[in-house]
Every structure is written in C-alpha cells, then in structure tokens.
Amino acid sequence: MRKYSELRSSNRIDLRSEAPLASPLTLHIETTNVCNFRCVQCPTGLPDYAETAGYYQHMPLDLYEKTIDDMREFAPVKSLKMYLLGEPLLNKNLGRMIRMAKDAGVAERIEVTSNASMLTRDRAIEMIESGLEHFRVSVYSVDDQRQREIIQTKTTPAEVLENVTRLRHLRDQRGSQTPFLRAETLSDTPELNQRFLDTYRDVADEAAVTFPHNWNGYQDRDLITTITTGKEITEDDCFPDKKNVCAFPFYTLAVRSNGSVVTCCVDWSGGTTVGNIREQSLLSIWRGERLLQFQRLHLEGRRNENSSCKGCTALYRSPDNLDGLSALEFQKRWDSAAVAIGAPVA
C-alpha cells in the first residue's frame, strides 16, 4: 500500500496537454454535510452554514446508488473520496456505501477523511471490512485547550487518539494492510507541531503537518486567518506554488448530499454547480455545456466572477498547472473530442 503522500505524485498525467478528459479522474461523494464539530476555520462552523449551503442532510441511499450506477458509464476513477463537507461517520450507511463502490469496481481506490470522534470499535471494524484503502484523520490539536478553541465541542485529543489507535490495532490484528492510516494536523506553533508528530508517528502509518486554505471566498468571508493568526505561518508558507487557473474543474466532480454536482471539493456554497444527479447522468454533466463554460471562465482569467472561486486559495494546493492553456485551444480540443464520441458540439 503506497503512502497517501505519494498518491498525487505517481503516474500523474500532464493535465495541460491532455485536457479535456473523457471522464473525471477524481470523484467526491458527500455522504453527509452534517458535522459534529464546529471548527473555526471550516464553513460548518459558521452560524448560517446550513442556510447558505441550502441543505443539511445525509445523502439518501437511493441517491448514492444512482451515483454509483452513473459511474459505470465511464472508466474507473483514480480515486473516490467519500467526503466533502461534514463528518462521514455520521452517515450510518458509510460502510455499506464503501462496499457498494468496491463491488461495482468504479474506482481504483476509495478514501475517507474523518475527525475520528465517531470511530467506535464497531465503526472501525466496518471500515476495515468494507475494503477501504485510505482513512485520513484530521487531528485539530494534541493540546486540550487548543482543540476546544478550534472545534468548539468537548471531544478531547485523547479520545481521538484512542479511536485511531484502536483502528490501527484492529487492522493489524487481522493481518490487513488497509485502510492505510494517515493523520494530519494544521500547522500550529513549532512545539505543537512536534508534539503531534511525536504522538502519531507510531500510531498512524503516516503523520503530516499541513497548511490551511480559505475554502472559497464566498461573500468575501475569511476563514484562513481564524486558524493562522498569531502563528508563525505566512501566505508563502501555505501556498508556495501560486497559479491563475484552478485545475480541479478539469479532473474532478463532487456530488453533494442533496444531489447537486459541483466542480470543487471545497465549494460549500454551491457557486460551481454544473448539474444535478437527480436530473442528469454524471457523464452528461461531465461532457455538458455548463461545465465547459465554467472551465472556459477559469482559462480566460475570470474566476473571480464566480461567487465560490473569488478569493479561494484551494487551487494552489493542486500539483497541476494549466496556466498558459488558452480558452480557444481548449475549445478546439473539446469540439474535436465531442465529434469523436458522437456527442453534440457546444
């Protein structure tokens, strides 16, 4: 099992020369947008989160089944990520959903990102037996007071550590290599960063300190400074590889728990919506006019015209760079691809 940190760097295509793709490489499925944490750097911690998102629910099983059926229409995605907003373990059907996707063969690997607060013994066994390849744990702090400040609930660092340790023990006890366990924390003070690494180095298969991003700039809201203020972190630390064109709309789709489809895994407010799984197939959305026009908006340097893309810093986290690909050249490729597959030309 490869390290989680190696997945993005191995056998990666040159997206700038290969776009448009016949099908997405990554698909996010939001099993729920409900969360039991109220993290200060996350939209779920905003007082009007549900109102702005437009829904607050677990994904119905019939909607998930429809999504998996639609995925059969194109080549298996490289990664199926069973999260967007919310805490995936709050959906009681999560294990069943993972197994359904595994049996359908719609993805090369399946991932879950969780705060691990709901990772009971039974849910841990469920994750192991489901066939899940990667379980990524968001650890908000190893310090009690700091964690309370961030998550705004009573879950303690010790409880999270106990749950992750139990999952590792149960997995190893069964002689299984999966799910691969990665523990992550957002960069804090040097002392807390080191305490995190010392705590999780031998518990998880991989432990890493990462940098925050601003989700999206909806209504000019700033979430990133709530976590970085007073810390030894600069914008250049967080985003050393800045770019103009966001790569996510060119290889990613995300199905929200209400059925709407967006182009970005951090679009909590729905500004990048390009379709709805209840009304269309995933393939028709991927090859549709709305996505094409959204991609052109980015290539033309107009991303700040979109409510969700304005001020967003998540695009800097992608290893891909499409800067320099003209909208005209992309349109020519799109038209040629549409003709080749017999699809209507926009």
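**Exercise 1. Determine why the sulfur of C265 forms no bond with the closest cysteine sulfur.**

Solution. The closest cysteine sulfur to that of C265 belongs to C264, and it lies 5.1 Å away, which is too far for a bond. The structure is a predicted model. A disulfide requires two cysteine sulfur atoms within 2.5 Å. By this rule, the count of disulfides is zero. C35 is likewise in no disulfide, the nearest cysteine sulfur being that of C39, 6.2 Å away.

**Exercise 2. Decide whether C35 is buried or exposed, and classify C265 in the same manner.**

Solution. Buried means a relative accessible area under 20%, and exposed means over 50%. C35 has 11% relative accessibility and therefore counts as buried. C265 has a relative accessible area of 22% and is thus partly exposed.

**Exercise 3. State the strand order of the open sheet and explain why β6 and β9 each have one side without a neighbour.**

Solution. Begin with the order: the nine strands run β6-β5-β4-β3-β2-β1-β7-β8-β9, and their pairing is mixed. Next, consider the edges, where β6 (206-210) and β9 (275-276) stand; each has a single partner strand, so one side of each lacks a neighbour in the sheet. Then take one pair within the sheet: β2 (residues 77-81) and β3 (residues 107-114) run parallel and are joined by four bridges. In this pair, V77 stands opposite A107 of β3.

**Exercise 4. Identify which strands helix α7 touches and which strands helix α8 lies across.**

Solution. Helix α7 (residues 157-173) packs on the sheet and touches β4 (134-138) and β5 (180-186). The direction of α7 makes about 160° with that of β5. Helix α8 (residues 190-200) lies across β5 and β6, and runs at about 165° to β6.

**Exercise 5. List the buried residues of helix α4 and find what they pack against.**

Solution. In α4 (residues 94-104), the buried residues are L94, G95, M97, I98, A101 and A104. These residues pack against α3 (61-71), β2, β3 and α5 (121-129). Just after α4 comes G105, with a positive phi of about 65°.

**Exercise 6. Describe the largest nonpolar core and the contacts of M71.**

Solution. The largest nonpolar core has 75 residues; L27, M71, L80, M82, F135, Y200 and L282 touch the most other members. Leaving aside residues up to four places away in sequence, M71 touches L27, V77, L80, V106 and L282. A second, separate core has 16 residues, including C39, Y49, Y55 and V262.

**Exercise 7. Find where confidence is lowest and where it is highest.**

Solution. The protein chain has a mean pLDDT of 89, with 88% of its residues at 70 or more. Confidence is lowest in helix α9 (residues 225-228), at a mean of 54, and highest in α7, at 98.

How values were computed. Residues are numbered from 1 along each chain as its sequence is written. This is a predicted model: local features need pLDDT of at least 70, side-chain atom pairs count only at pLDDT 80 or more; totals for chains, interfaces and linings use all residues. Side-chain values use heavy atoms; hydrogens and water are left out. A nonpolar core is a set of buried Ala, Val, Leu, Ile, Met, Phe, Trp, Tyr and Cys residues joined through side-chain atoms within 4.5 Å. Buried means under 20% relative accessible area, exposed over 50%, partly exposed in between (1.4 Å probe, protein chains only). Contact means heavy atoms within 4.5 Å. Two strands pair if DSSP finds at least two bridges between them. Helices (H or I, at least four residues) and strands (E, at least two) are DSSP runs, numbered from the N terminus. Axes are lines fitted to C-alpha atoms, for helices over the stretch in contact, and angles run from 0 to 180 degrees between N-to-C directions. pLDDT is the predictor's confidence in each residue, from 0 to 100.
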